[in-house]
Every structure is written in C-alpha cells, then in structure tokens.
Amino acid sequence: MTVEAEPVAGLPDPTEYGFSVVRESEIPREHHDLVARVRELVDAVAHTQAEPAELAAAEATVAELTELLSRRRRDTGTLLLHRPPGGPPEYGTVTNLVAGPTNAVAPPLVMAPGADGELRGEVTLNGVYQGPPGIVHGGWLAALLDQALGAAASAAGMPGLTANLSVDYRRPTPLHAPLTVTSRVTGTERRKVFVAAEIRHDGEVTAEGTALMVRLAVPD
Ligand SMILES: CCCCC/C=C\C/C=C\C/C=C\C/C=C\CCCC(=O)SCCNC(=O)CCNC(=O)[C@H](O)C(C)(C)COP(=O)(O)OP(=O)(O)OC[C@H]1O[C@@H](n2cnc3c(N)ncnc32)[C@H](O)[C@@H]1OP(=O)(O)O
C-alpha cells in the first residue's frame, strides 16, 4: 500500500476554533466516582423489580440530582486532551459514547499501546449492553470497534473521521466477561488511514472490523 500520509506534526490549537478543552487531570476524582456510581445505577434501573412506590421514590431522588448537576454544564463538544508518554497528543470528546470518562453510558474503553505496537484495551460489559440473552448487542460491538479503530489512527498522529466501517461477528460476545480489544493502522494513502481491530474473549476473536478513517483536514 502506498504510504503518502504523514502524521499530523502539530494539530492546531482547538481552542482557536471554539472548542473547549480539558486535560484528563482536570476532571476531579469525585466526578470519576460519581460516573462509576451512575453506571451501577443505570444497570440497577434496567434490572430492578422494585415496587411502584419504591420506583417513584427513586425517580424523585434522581430528578433532584439531575437538577443539582445541571446547574453547571460543560459544552457537549468539549475535547479531552490526552498526552500519552512518547506519543503525539490526542484529542477525544469528554463525553465520547465509548471512551468518555464523564459519560456513564461509556463502559469506558481505554486503549493504550501494547508491547507489539498495537493499541490494546480491556473492557467488561454488563447487562446494559445486551442484545440477545447474555450476549453483547452487535451495534455496541461495532461502536467498540469504531472507537478502537479511530484511536489507532489518532495514536499514530493521524486523527480522522470514520468514512466506512466493516464488522464481522465471528462468535457471540458474552456479557460480564473480560474482553480484549486490539487495533492498529494497516496502511495509509493521502488522507486515508486504513485500520483494523478485533474483540477477543478468552483469546478467541468474537468480532473484528476494518475501517477507513479520513484524516482531519486542518481548517484554513
Ligand atoms: C480544529 C482542531 C481539531 C483538533 C482535533 C479535534 C478532534 C479530534 C477528532 C476526532 C479524532 C479522535 C478520535 C475519535 C475516535 C473515535 C471516534 C469514532 C469515530 C467516529 O465516530 S467518527 C463519526 C462518524 N463519521 C462521520 O461522521 C464522517 C462523516 N463523513 C465525512 O465527514 C466525510 O465524508 C469525510 C471526512 C469522511 C471525508 O470527506 P472529505 O471531504 O474530507 O474527504 P473526501 O471526500 O475528499 O475523501 C478523501 C479520500 O477518502 C475517500 N473516501 C471518502 N469517503 C469514503 C468512503 N466512504 N469509502 C471509500 N473511500 C472514501 C475519497 O475517495 C478520497 O480518496 P482519494 O484520496 O483516493 O481521492
């Protein structure tokens, strides 16, 4: 494959384009703790068989908390700046659906370089991510792969948007079980970055995907 793309030497400062940016270290520990609790809450709400009066009491309590937390909100597009040791700075969104540290819907998936030059992450999904009984929803697996694929391009200094994504589901992916996600860049051509990723359970590939990421064009 022709190698014509070059890593983005220095992305422009996103704040110059109207983005808010937070560093990972700026998110208080208490916010991480709250997100972890809300993840448990989402799972509890999904599975509860509480009595109607208990449900009504819980609803009132949650409404109060929502009001409290909504008094000071971040911009939805706020970027999270991650500075991996030895790698280029990477931007994601702080509320990214798959990896956002403040998004209680995100498992989250954290990808980091492995010994073999791949990106690697571990994730365990609870019943909130269910499709068929006991099995992870295929759309969610596609989301995990998309994130891992985008992260591979970003970690190589070539962040972009997914232009296309192809997923093969090889085996049912179990809930409540540790999953390993791996991804890497397989080739580049002008602004096109070709990437591949896998999800494994117990060493066996349950889903794999390839994507074309088109590198961000730096605005004039
Ligand atoms: C300003 C400072 C910013 C700082 C950084 C900020 C943020 C960082 C952002 C993100 C990166 C970080 C991590 C995110 C990680 C994961 C998140 C998951 C990924 C996503 O969730 S992402 C959302 C879903 N995604 C979209 O929302 C894309 C919608 N879409 C478009 O925005 C355009 O469609 C685009 C940009 C894709 C291309 O548009 P474009 O105008 O820039 O480029 P163009 O069309 O010229 O294509 C160039 C070459 O790609 C070929 N090409 C294009 N499309 C193709 C296709 N489908 N199949 C085969 N080839 C294709 C052409 O044929 C040409 O090829 P060739 O070079 O050979 O001529």
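This report walks through the fold, the two domains, the ligand shell and one buried residue of the structure above.

The model is predicted, so local features need a pLDDT of at least 70, side-chain atom pairs count only at pLDDT 80 or more, and totals for chains, interfaces and linings use all residues. Residues are numbered from 1 along each chain as its sequence is written.

**The overall fold**

Let's begin with the whole protein. Its secondary structure comes to 3 helices and 9 strands. Here, helices (H or I, at least four residues) and strands (E, at least two) are DSSP runs, numbered from the N terminus. Following the chain, you meet them in the order β-α-α-β-β-β-β-α-β-β-β-β. The radius of gyration is 19 Å, close to the 17 Å that the globule rule gives for 220 residues, so the protein is as compact as a globular protein of that length. That radius is taken over C-alpha atoms, and the globule rule is 2.2 Å times the number of residues to the power 0.38. Along its principal axes, the C-alpha trace spans about 65 × 45 × 30 Å.

How much of the protein is buried? Buried residues make up 25% of the 220 residues. A residue counts as buried if 20 or more other C-beta atoms lie within 10 Å of its own, exposed if 12 or fewer, and partly exposed in between, with C-beta atoms placed from the backbone.

**Two domains**

The domain assignment gives domain 1 (10-106) and domain 2 (109-215); such bounds come from an automatic or database domain assignment. The C-alpha centres of domain 1 and domain 2 lie 21 Å apart. Across the boundary, 11 residues of domain 1 are in contact with 12 residues of domain 2, where contact means that the C-beta atoms of two residues, placed from the backbone, lie within 7 Å. On the side of domain 1 that touches domain 2, α1 (29-47) and β3 (90-93) each supply at least two residues. The helix α1 gives the most to that side, with 4 residues.

**Around the ligand**

Which residues are closest to the ligand? A shell of 24 residues surrounds the ligand, and the closest are Gly150, Pro159, Leu161, Ala163 and Val214. A residue is near a molecule if its C-beta atom, placed from the backbone, lies within 6 Å of it. Both domain 1 and domain 2 give residues to this shell, so the ligand lies between them. The elements β3, α3 (138-155), β6 (160-169) and β9 (204-215) each supply at least two residues, and α3 has the largest share, with 5 residues.

The table sets two surfaces side by side by residue class.

| Surface | Nonpolar | Polar | Charged |
|---|---|---|---|
| Side of domain 1 that touches domain 2 | 7 residues | 2 residues | 2 residues |
| Shell around the ligand | 14 residues | 6 residues | 4 residues |

In these classes, Ala, Val, Leu, Ile, Met, Phe, Trp, Tyr, Cys and Pro count as nonpolar, Asp, Glu, Lys and Arg as charged, and the others, Gly among them, as polar.

Now look again at β6. This strand is hardly covered, with 1 buried residue among its 10 residues. It runs antiparallel to β9, and 9 bridges join the two; strands pair if DSSP finds at least two bridges between them. Within this pairing, Gly160 stands opposite Arg215 in β9.

**A buried loop residue**

Finally, find Leu125 in the loop between β5 (119-124) and α3. Is Leu125 buried or exposed? Leu125 is buried, because 21 other C-beta atoms lie within 10 Å. Leaving out residues up to four places away in sequence, Leu125 touches Pro107, Val136 and Leu175.
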